[in-house]
Amino acid sequence: MPRGPFVSVTRIVFLVVTAVFALLAGRELYASIKTASISIVAERLEHGETVTDDVEAKYAARTIDIVDRHYCRSDIVSAGVTLVLAQLDRQNVNVNYDAWAAAASRARHYLQHALSCMPTNSNFWLRLAAVQSVIAEDPLSVAEMMKRSVALAPHDESMILTRFYFWNDFTNATLSTAKAALNSDLVTMLKLGDRCRVNAAIREISPQLRPIFDRTWAGLGDGATARFRQRCSK
C-alpha cells in the first residue's frame, strides 16, 4: 500500500507545528529583550537597592510599551507593576501636582492592563483599589476592588496584613460599602494571624476604622484575642 501521501501530510503538519512554536519562541524572546531593562530596575527596587529618581521615572514611562504591545507574561507584567507603583510613591501631590497626576494615571492604566492579563491576582486588585482611592475615592468602585482582592486571597496572611494597611486609610463610606469583605479580613487576621505580625499591624488604627475594629475585637471574645496581649520578642 502506497505511503507517500501519508508521509507528505505528516511532514507538512510537523513543519507547520515547528514553525508555529518557533514563531512563539521568537515573540517571547523579543518580549524579554524589549523589557529586560524594566525587569532589571524592578528587581533592584524589590531588593531594596537604591534607584535614582531619573532612572525610575525613565523606566516607569517605558511600561506603556508593555500595555501597547499587549504583553501578558506574568514576570513582565509584575515588573511593570513594581515600577509604576514605585514611581507614584515618589510623587508628592502638594509639591508637583502634575507629576503626581501623571504617575497616578499611569499606575491606574497599567494596573487595568495587568488585571486584564491576570484577573485572579488578589494583589493587583488591591493595588488598583489603592490607586483609585488616591485619585478619587469612589466608595462603590474601590469597595468592589477590595471585595475581589479578599475573595481571591481570603486566608493569605501577607495579603490580609497588606490590605489592612489600606483599610486603615479608606474613608467611612468605603469601609461601610465593603463591610462584609472588611469583616472577613479582620476576623481572619485576629483568629488566625501570627500575633506578632498582627500586633505590629494594629499598633496604629485610624479613627474611621477604630470603631469597626473594636466591635470585631469584642465580638471574638477574650479567648480569641488574649494572645495579642502577650509581648513579642524583637
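**A walk through the helices and their aromatic pairs**

Hi everyone. A search of the whole structure turns up six aromatic pairs. Let me start with Trp167 and Phe170: their ring centres sit 6.0 Å apart and their planes stand at 90 degrees, so this pair is edge-to-face. Trp167 and Phe170 are both buried. Before I go on, please keep in mind that this is a predicted model.

Now for another pair, Phe213 and Trp217. Here the rings are 5.9 Å apart, centre to centre, with 35 degrees between the planes, and the pair is tilted. Where do Phe213 and Trp217 lie? You will find both in helix H13, residues 210–220, four residues apart, which is about one turn of the helix. Phe213 has a relative accessible area of 3%, so it is buried, the limit being under 20%. The same two residues also belong to a wider group: Phe164, Phe213, Trp217 and Phe228 make up one aromatic cluster.

That brings me to the core. How many residues does the largest nonpolar core have? It has 61, and the ones with the most contacts inside it are Phe164, Trp167, Met189 and Phe213. Several helices each supply at least two residues of this core, among them H2, helix H5 (74–89), helix H6 (97–117) and helix H11 (179–192). Take a look at Met189 in particular. Leaving aside residues up to four places away in sequence, Met189 touches Ile160, Leu161, Phe164, Val198, Ile202, Phe213, Arg227 and Phe228. Three of the cluster's names come up again there: Phe164, Phe213 and Phe228.

Next, please scroll back to helix H2, residues 36–46, where Leu45 is located. Leu45 and Thr82 are 37 residues apart along the chain, yet their C-alpha atoms are separated by 7.7 Å. Not counting residues up to four places away in sequence, Leu45 is in contact with Val51, Glu56, Thr82, Leu83, Ala86 and Arg90.

Let's stay with H5 and see how other helices pass it. The axes of helix H3 (residues 53–61) and H5 come within 9 Å and cross at roughly 130 degrees. That angle makes H3 oblique to H5. The crossing of H3 with H5 is left-handed. On the H3 side the contact is made by Glu56, Ala57, Tyr59 and Ala60, and on the H5 side by Leu83, Val84, Ala86 and Gln87.

And what about H5 and H7? These two pack at an angle of about 25 degrees, with their axes 12 Å apart. H5 and H7 are therefore roughly parallel to each other. Their crossing is left-handed too. From H5, the residues Val77, Ser78, Val81, Leu85 and Leu88 meet Phe124, Arg127 and Val131 in H7.

I'd like to finish with two histidines. His70 is in the loop between H4 and H5. Is His70 buried or exposed? Its relative accessibility is 62%, so His70 counts as exposed. Now a word on backbone angles. Most residues other than glycine have a negative phi. His70, although not a glycine, has a positive phi of about 60 degrees.

The other histidine is His113, which is found in helix H6. With a relative accessibility of 8%, His113 counts as buried. Its contacts, not counting residues up to four places away in sequence, are Ile66, Val67, His70, Tyr71, Cys72 and Val77. So the exposed His70 is one of the residues that the buried His113 touches. Thanks for listening!

Key: Residues numbered from 1 in each chain as written. Predicted model: local features only at pLDDT ≥ 70, side-chain atom pairs only at ≥ 80, totals over all residues. Heavy atoms only, no water. Phe/Tyr/Trp six-rings, centres within 6.5 Å; stacked < 30°, edge-to-face > 60°. Buried < 20%, exposed > 50% of the residue type's maximum accessible area, 1.4 Å probe, protein only. Contact = heavy atoms within 4.5 Å. Core = buried A, V, L, I, M, F, W, Y, C linked by side-chain atoms within 4.5 Å. Axes fitted to C-alpha atoms, helices over the stretch in contact; angles between N-to-C directions. Parallel < 35°, antiparallel > 145°, perpendicular 65-115°, else oblique. Left-handed = near helix turned anticlockwise from the far one by under 90°.
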